[in-house]
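Here are some notes for a colleague who is opening this model for the first time. They are best read with the structure in view.

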Amino acid sequence: MALKYVDEIELKGKKVIARFDFNVPLDKEDRSKITDTTRIDEALETIRYILDQGCSKLILMSHLGRPDGEVNKKYSLEPVATYLAEHLGQEVTLTESCLDRGIKTLLTLNTNNIILLENLRFHKEEEAGDTEFAKALSEYADIYVNDAFGTAHRKHASTYQINAYFKNRAVGGFLLKKEIQALEKVVEKPQKPFVAITGGAKVSDKIKIIERLLINVDSLIIGGAMAYPFLKAQGHSVGKSLCSDEDVKLAARLLKMSSAKKIVLPVDHVASTEFAGAPQNINSVDIPEDLMALDIGPKSLELFRDKLAGAKTVLWNGPMGCFEEKDYAAGTFGVAKLLSELNAFTLVGGGDSVSAVKKSGLAEKMSHVSTGGGASLEYLEQGTLPGIKALKFGVDL
Ligand code: AMP
């Protein structure tokens with residue numbers, strides 16, 4: 001059974017309930033201000049399509065932040081409702097709560113075509129995957145659309161259990177489609193040569209992805225703090241760099257695999273005596289005892305350039321150093337530049353590499369920048385996500 005998308009189902013005259021990921025960052029002082037609207041902007045295509053098809057009602061739903069099952073105005077979707085109304089040129093009615101008794105009446109009126117349910121996570125039942133809660137939401141509509149890629153790795157009521165009540169009436173949105181198609185290009189039969197670049201802070205978080213990638217890639221470049229456990233396991237000194245014993249054990253295990261020859265590690269570093277201290281170039285693999293490495297050095301970047309030459313598919317997850325500090329951003333921004341110059345399918349996934357690539361100003365030059373950090377990583381690990389499986393096959397409760 002193939003996953004159906006929103007343009008493969010009749011919407012005219014239908015009530016449609018659609019789950020999006022409107023979990024946008026808000027300004028700390030002025031909570032009515034959205035500081036990055038990407039996630040809402042990415043949802044507009046699906047919203048406009050559903051409206052253009054002549055649905056009778058469009059009920060939008062999402063979570064925002066972590067209100068932990070309690071009503072907390074700090075996490076109200078009000079700024080999202082205002083932004084949507086401005087961009088759609090139509091009124092958007094925000095309900096008091098997603099279980100408001102008035103919603104059923106609202107659905108019978110000829111006005112109020114677009115309804116936004118207040119934050120789903122004001123109810124603990126959402127994250128608990130409560131079936132009664134999912135059923136109550138399902139009763140608002142004839143058709144369910146899931147376009148919340150960023151939460152598709154969660155088994156929450158509005159992304160998972162709800163599918164049980166929309167047999168053959170549950171479809172994916174355009175953002176979900178775009179994300180799945182991009183990830184499929186990397187997970188299933190990637191065009192070769194295929195190079196993966198991984199970085200960030202912890203080996204244990206990404207061990208399963210590394211194991212899986214090692215089977216398919218031609219080269220696996222490891223940078224950032226992820227690299228030090230591998231260097232240490234090879235017998236190099238890593239000084240005071242971030243490197244737990246547990247990660248060294250995991251790295252040693254990976255280095256014993258026959259495919260470990262595909263692993264490419266940094267050959268030089270930018271280091272300091274402390275976090276955000278003055279930078280020093282270390283022109284060797286070994287890091288002096290009193291220093292911690294905080295970025296890859298220029299020779300490493302050259303080595304990575306050679307490994308990337310001619311690549312047809314590139315996956316990048318995780319920064320090459322503490323890119324948040326300008327003295328330690330050159331490695332990460334350098335990798336972004338290398339990718340931007342390739343004639344390859346380039347996919348950037350995972351929260352920190354996405355913000356790094358945006359900060360580098362080169363996001364537009366990538367083939368795909370995923371909107372879901374945790375979701376894209378889990379997709380790479382598992383080859384699918386619970387929310388996607390549920391859309392495809394339904395759910396037995
Ligand atoms: P992750 O969430 O595992 O992708 O880790 C991302 C974080 O790792 C970023 O905040 C980076 O600042 C940090 N990071 C990357 N390289 C290093 C390094 N060499 N030393 C310390 N932290 C690092």
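**Notes on two sheets and a helix pair**

1. Strand β10 (residues 269–272) pairs with β12 in the antiparallel sense, and four bridges connect the two. Within this pairing, H269 stands opposite I296 of β12. Please keep in mind throughout that the model is a predicted one.

2. Strand β12, which covers residues 292–296, is mostly covered, since five of its five residues are buried by the criterion of under 20% relative accessible area.

3. On the β11 side, β10 and β11 also pair in the antiparallel sense, here over three bridges, and Q280 in β11 is the bridge partner of A271. Taken together, these strands form an open sheet of three strands in the order β11-β10-β12, with antiparallel pairing. Its edge strands are β11 (280–282) and β12, each of which pairs on one side only, and the twist from one strand to the next averages 40°.

4. What is the strand order of the open sheet of six strands? The order reads β9-β8-β7-β13-β14-β15, and the pairing is parallel. Because β9 (263–264) and β15 (368–369) stand at the edges with a single partner strand each, one side of each is left without a neighbour in the sheet.

5. Within the six-stranded sheet, strand β7 (residues 194–198) and strand β13 (residues 313–317) run parallel and are joined by five bridges, with A196 standing opposite L315 in β13. Helix α7 packs on this sheet, where it touches β7, β8 (219–222), β9 and β13, and its direction makes about 160° with that of β7. Helix α10 (residues 298–308) likewise packs on the sheet and touches β7, β8, β9 and β13, while its direction makes about 160° with that of β8.

6. A further point concerns the packing between helices, and two packed helices are described by the angle between their axes and the distance between the axes. Helix α7 (residues 203–216) packs with helix α13 (residues 373–382) at an angle of about 45°, and their axes are 8 Å apart. The angle makes α7 oblique to α13, because it falls outside the ranges that count as roughly parallel, roughly antiparallel or roughly perpendicular. The crossing of these two helices, α7 and α13, is left-handed.

7. Which residues bring α7 and α13 together? From α7 come K206, K208, I209 and R212, which meet L377, L380, E381 and Q382 in α13. By class, this contact of α7 with α13 has three nonpolar, one polar and four charged residues.

Technical notes: Residues numbered from 1 in each chain as written. Predicted model: local features only at pLDDT ≥ 70, side-chain atom pairs only at ≥ 80, totals over all residues. Heavy atoms only, no water. Buried < 20%, exposed > 50% of the residue type's maximum accessible area, 1.4 Å probe, protein only. Pairing = 2+ DSSP bridges. Axes fitted to C-alpha atoms, helices over the stretch in contact; angles between N-to-C directions. Parallel < 35°, antiparallel > 145°, perpendicular 65-115°, else oblique. Left-handed = near helix turned anticlockwise from the far one by under 90°. Contact = heavy atoms within 4.5 Å. Nonpolar A, V, L, I, M, F, W, Y, C, P; charged D, E, K, R; others polar.
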